[in-house]
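Reader: Hey, got a few minutes to walk me through this one? I'd like to go over it piece by piece.

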Amino acid sequence: MTTASAEVTLAALDPRDADERHYNRTKTSPRYHGSFFLRMRRPSRTPAFSRRYVAGDPIRLIDWRAFARTDQLIIREQREEASARVAIVLDARDSMQWPDAETRPHLPAAVPTKLEIACRIGAYLSFTHGKSGDDVRLFILTDEGLRTIAVASSSAVLSLFTYWEHEGFSLASVLAQSEDRPATYNPDVGYLISDVLSGPPPKIFEQVRVSWILHLLSSLEVETAWLHDEHSYFESQPVAKEYLGSALTTGGAYNQRLGAWRREVEATAEQSSDRYLFLTDQTPIRSFQEAIGAME
Amino acid sequence: MTGLALILTPSIMTVLVTVAAAFGLFLWWLLRRRRQRIRLPTLRIMELENRRLPRLIWTFPPWIAFACFVATALSFAFFSARPARPVLIPTHPDEHRVHIFVDLSPSVASAVKIEDLAARVAKLIDQLRVNNQVTLSGSSFGVQEVLDGQAAERQILAAGFHRGGVHLGEALKTQTPELGDVDRLMLVSDRDQHSWEDLNWSFLQESMEIFRVPAGNEAHKRDVNFFFQTVRGVPSSDNARQEWDVEIAANRPLDQDREGALEVRKGEKVLFESPWRIPKGKERAQLRVGWPENDAAPGADTLEWRLEIADALDADNLYRTHSVGTRPDVLVLSDPGGERFLEDPAHHLEVTLDVLGFQVSRWDRLDNNWKAAAAFPLWIVQGGTGRGLGASCPTVYAQWRRDPRTLPEGVKKPPVVWLSPFDEPANYRELCHCYARLTAEDGNETMPSYCEDVQTRDQWVGVLKSLGARQIGGDVGDFSGAIAWHRKDDKSGAEVLAFTVPLRPRLAAGMTYGDLPRVLRSLLRWQGFLKDSSPDDSWPRPADISALNAEEKASAHDANVPAGESLLVDYDDALLPPLWTDAESAASGAAMLRRDESDPMPWLHILAVVILGATLLEATFKISRKLRQGLKSRASVLILLGGLFAAEQGRAEIVLNLVGYPEPVSSVMRLAREVAGRTSIDLAPTPQNTPALNAKTWEQPWLWVRTPRQLLDEKGRLAPEVADWVKRGGFLVIENANDRTLDKLTAAGFPFLKENEGWKPIPPDHELMRSFHLLDALPVCPGQVWQGFHFDERLAMLAIPYSLLDQVVDQPKPVPCLGSTDPERGTRIFINLLMVALATDYKKDQIHLPEILKRLR
């Protein structure tokens, strides 16, 4: 496991960057006591799981210390450990694939697509929760609908991440491992990794205890210094718009409008008791981990 | 109007086209240099309306627009630089078009000499040429642009006065295509009624100015004019004389007695000379003149008639005709049918010959007067009366023919004989006998064998043809239409013309009262007995030479002057256009009117060409782009080309995919025809039937099984492919199903059935009831209804309580539980089922259909 420095950004996030401290805290966090039953059982000393010995009970369950103390055969029954159902939704709609192949040559710097960052974050979270014993499911939100990727274990997350990395985090590679929308799933924890530009995501889950909105934009969408008048900037969804660079930058119009919109998104999240976190590909991994951990 | 004229000049047009072309090129270049566009999804949330670029986004350089523009520019350049024919348009916008038309008719010649007229026109042109484009035309020459007066003078002198007449209206109408748009029309003419009577110059004044320029000094009162009114040959009572009736006329009643002389010349020889006189108060003199035939000089047969008198117009004192020969006497041999002319077969013949100028001698029969008869050059024999040949077919004729020396003295050759039936029908046997006598080589008087059976006209024609005569009249190859058959002996010159129709008006024979003179005239002219005298074709009296073609116009210089020109009747000045005076020329030039309507047709033509070209270019471009998009690689091009040439005709059809139906399965030809006729789907006329489920079964989109049992194997288990195939989109039709068999099917290990909603009756508003035809209900067997199994929001399996297929095949079988079978209902259900199988509920959005179905029920 590599140690992430403060300068390393989300553009280089790897599932194995999971912080041990963060991992432990996740594991012991009380809110992860959910409805998911682990296979493992262990004896419990709490009175609720104790009873008198009845002929035929396994001898190994007898609490010999209590017998020595009280001369009574007390059975300590096994306590069932519970963990959480975790759903991670990656938005893969068209705006998340920016910068696309046509746009990339005209950009001042090589930045990863938003989908790549979303995949990195999704893999990181899947790995972390999987290590904690949670039941993790990855969902891909496309223009056509919701698809799911079954994540059996943390090692499966690593192999999936390796495959994505090898394929350049393309949409085709992300969808390649996915299946059609599954039956109803009610997670305890839900993460939505999206730029929210294609509109708010549809109602995916019936009920979710803790919901995160990881608002992800490209650093070039946040930083406007690269816009200039030689080019025009267009978007044909949902209606065609086209502006010159000066029209966007004059008077900080772009930044003002973007900031206002971010606040709107945050306010909307707060209204529905969602936890909001704004990220770009330039967000340092450390601060991301802290933000995730601080709010748990 | 002036602005329009300015724009339409060729030089301005050229400049405009050049500027437009340069501007178009600039536009093209400008559009090519569009900005590099970068997609930025965050713009979805931007609302900076007042700083936006226009929504119009150029995604492709406007090649089509450019091509259209080039086509337009080329069209403009072509049409403005190279007119199809020379058009007379002023080269300077301030110039006006002035056209001068010179009347060179005989009536003008009476008032002015050609030199004076030419000089006057030359002077006029020199006056007008300063600020105008001047064109000139005459009654005998076409429109031409004149550069100076001298050229016009030369042109007029070269043309000279002509002898034909002129109608100014017709002459101007003929020259209109060459004339173009004229601002001012000047007619150099006199006031002659004949010239002006057809010109509606008031109408022309709406689009141009019109002036009349006097051709000569009209103040001078014209003298009396004398001319030939008629000259025509008359039948002479004496063979040796030519006789003519001549009528000499004056243009008005005379104030005093006038005398003149008439001279007739043939070449250099004067045939006749005589004085004539028209007394005071009269205007006509009629003469009969004649001269011995022998006086006529050989060679030229043109007669020149001259009036020797001093009068207004010299041209009409000369008149030309053909010389007319004398007419021979004709002997008509015809047995009279009665006293009244309708009964006499030769009556109309005699009258006609008389009218044509022949002296006719009518004999009933020839008897022995053949010596006297030999003097007649033409005999017309009307035979076939059935009263015996008489002596009208003399055997002596055959002798004359064989040996002309036996002719009576003074007779050079045997007469020409016309042998005609006296009526229709006639006794053709007798006619044939007569013909045989006239043409017999040996003088045999007995009837030849070929005449014995001749009863009808057709047989008569057949005999004439077989005897080697020449057909006269009728069509080639149509012998029955011939009027006569001609036979000529070259040695003696004897000619026999055997007619197949009577020479009298007879409707049955196709000879009308009008035909008889025409036929006779033609035949007489053909055999040299008749020469025409009047009216004379060679020297017509053309009332308007502008209506003649070029060849006729050339010969019209020798024509006879028409009487209308010779009359010299003048119109009053009030009826003629305003008179042009030289003093007016300077003042009126500036105030010249101009037509204010312009012809849009050339522009419309150009636009049509441009639109057509643009459409073609657009279509070509679109198709090529589609092809280019579709054909990314060379391999795909090869496949497409190979497919075009090698592939069989593509065809898409659905096959009835049956399992377990008893062989032989009836064809569904009728059903296929119905399906193809009502829908756009082709159904194969031959079903594909297999006894049991196999791999081939699953290749089709639907499957019909005879009973639910067909889906089970020997051990009563369900084939696993069934569920897979249905899940993949297959449509299963189970016939003869009931609740018991369906339960059995479910029990036979069809977990797929258990997992889903199971079998449910088809509701009345199901898509099956409305997918093509609107059905009120599905036929049911007692206690059994149609049941459907829905999967993936579509009807996947259908259980029919009876055999629908038995109802719709070509040899339908009775369906016991339904009672009477209704093929049409079965066909409708089948078509609905087919539509559901192929397209599921494609009418889902037509929300009004359930309401219609409710009303239907």
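Author: Sure, let's go through chain B, its contacts with chain A, and a few local features. Keep in mind that this is a predicted model.

Reader: Fine. How many helices and strands does chain B have?

Author: Chain B has 28 helices and 27 strands. Its length is 857 residues, and 45% of them count as buried.

Reader: And what about the contacts, what share is long-range in sequence, say 24 or more positions apart?

Author: Taking the contacts in chain B with a separation of 6 or more, 72% are between residues 24 or more positions apart.

Reader: What does the surface of chain B come to?

Author: About 44,400 Å² is exposed, with carbon and sulfur atoms supplying 54% of that.

Reader: OK, salt bridges. How many over all chains?

Author: The search of the whole structure turns up 39. One of interest pairs B:Arg39 with A:Asp100, where the closest N and O atoms are 3.3 Å apart.

Reader: Where do those two sit?

Author: B:Arg39 is in strand 1 of chain B, residues 36-39, while A:Asp100 is in the loop between strand 5 (85-91) and helix 3 (114-131) of chain A, so this pair joins two chains.

Reader: Is B:Arg39 buried or exposed?

Author: Buried: B:Arg39 has a relative accessible area of 14%, and the cut-off for buried is under 20%.

Reader: Which residues share a salt-bridge network with that pair?

Author: The network consists of A:Asp94, A:Asp100, A:Glu235, B:Arg39 and B:Arg44, joined through shared partners.

Reader: While we're in that loop of chain A, what does A:His106 touch?

Author: A:His106 also belongs to the loop between strand 5 and helix 3 of chain A. Setting aside neighbours within four places in sequence, A:His106 contacts A:His231, B:Gln36 and B:Ile38. At 26% relative accessibility, A:His106 is partly exposed.

Reader: How far apart are the C-alpha atoms of A:His106 and A:His231?

Author: They're separated by 9.1 Å, with the two positions 125 residues apart along the chain.

Reader: Back to chain B. Which residue forms a salt bridge with B:Arg277?

Author: That's B:Asp257, with 2.5 Å between the closest N and O atoms. B:Arg277 lies in strand 10 (residues 269-278) and B:Asp257 in the loop between strand 8 (241-250) and strand 9 (258-266) of chain B, so the salt bridge ties together parts that are 20 residues apart in sequence.

Reader: Buried or partly exposed, those two?

Author: Partly exposed: B:Arg277 has a relative accessible area of 44%, and B:Asp257 has 38%.

Reader: What's the order of the sheet with strand 10 in it?

Author: It's an open sheet of 4 strands in chain B, ordered 10-9-12-13, with antiparallel pairing. Strand 10 and strand 13 (318-322) are at the edges with a single partner strand each, so one side of each has no neighbour in the sheet. From one strand to the next, the twist averages 20 degrees.

Reader: How many bridges between strand 9 and strand 10?

Author: Strand 9 and strand 10 of chain B pair over 9 bridges, in the antiparallel sense. As an example, B:Arg258 has B:Ile278 in strand 10 as its bridge partner.

Reader: Switching topic: how many residues of strand 6 in chain B are buried?

Author: 6 of the 6, residues 209-214, so strand 6 of chain B is largely enclosed by the rest of the structure. B:Glu209, B:Phe211 and B:Val213 are on one side, with B:Ile210, B:Arg212 and B:Pro214 on the other, and both faces are covered.

Reader: Which sense does strand 6 pair in with strand 5, parallel or antiparallel?

Author: Parallel, over 6 bridges, with strand 5 of chain B running over residues 184-189. Within strand 6, B:Val213 is the bridge partner of B:Val188.

Reader: Last one: which residues make the nonpolar surface patch on chain B?

Author: B:Ile623, B:Leu627, B:Leu640, B:Leu641, B:Leu644 and B:Phe645, for about 640 Å². Helix 20 (601-630) and helix 21 (634-646) of chain B each give two or more residues to the patch, and helix 21 gives the most, with 4.

Reader: And how accessible is B:Leu640?

Author: B:Leu640, which is in helix 21 of chain B, is partly exposed at 37% relative accessibility.

Terms used:
Residues numbered from 1 in each chain as written. Chains lettered and ligands numbered in written order. Predicted model: local features only at pLDDT ≥ 70, side-chain atom pairs only at ≥ 80, totals over all residues. Heavy atoms only, no water. Patch = residues over 30% accessible without salt bridge, like charges linked within 9 Å, V, L, I, M, F, W, Y side chains within 5 Å. Areas by Shrake-Rupley, 256 points an atom, 1.4 Å probe, with all protein chains shown as cover. Salt bridge = Lys/Arg side-chain N within 4 Å of Asp/Glu carboxyl O. Buried < 20%, exposed > 50% of the residue type's maximum accessible area, 1.4 Å probe, protein only. Contact = heavy atoms within 4.5 Å. Pairing = 2+ DSSP bridges. Axes fitted to C-alpha atoms, helices over the stretch in contact; angles between N-to-C directions.
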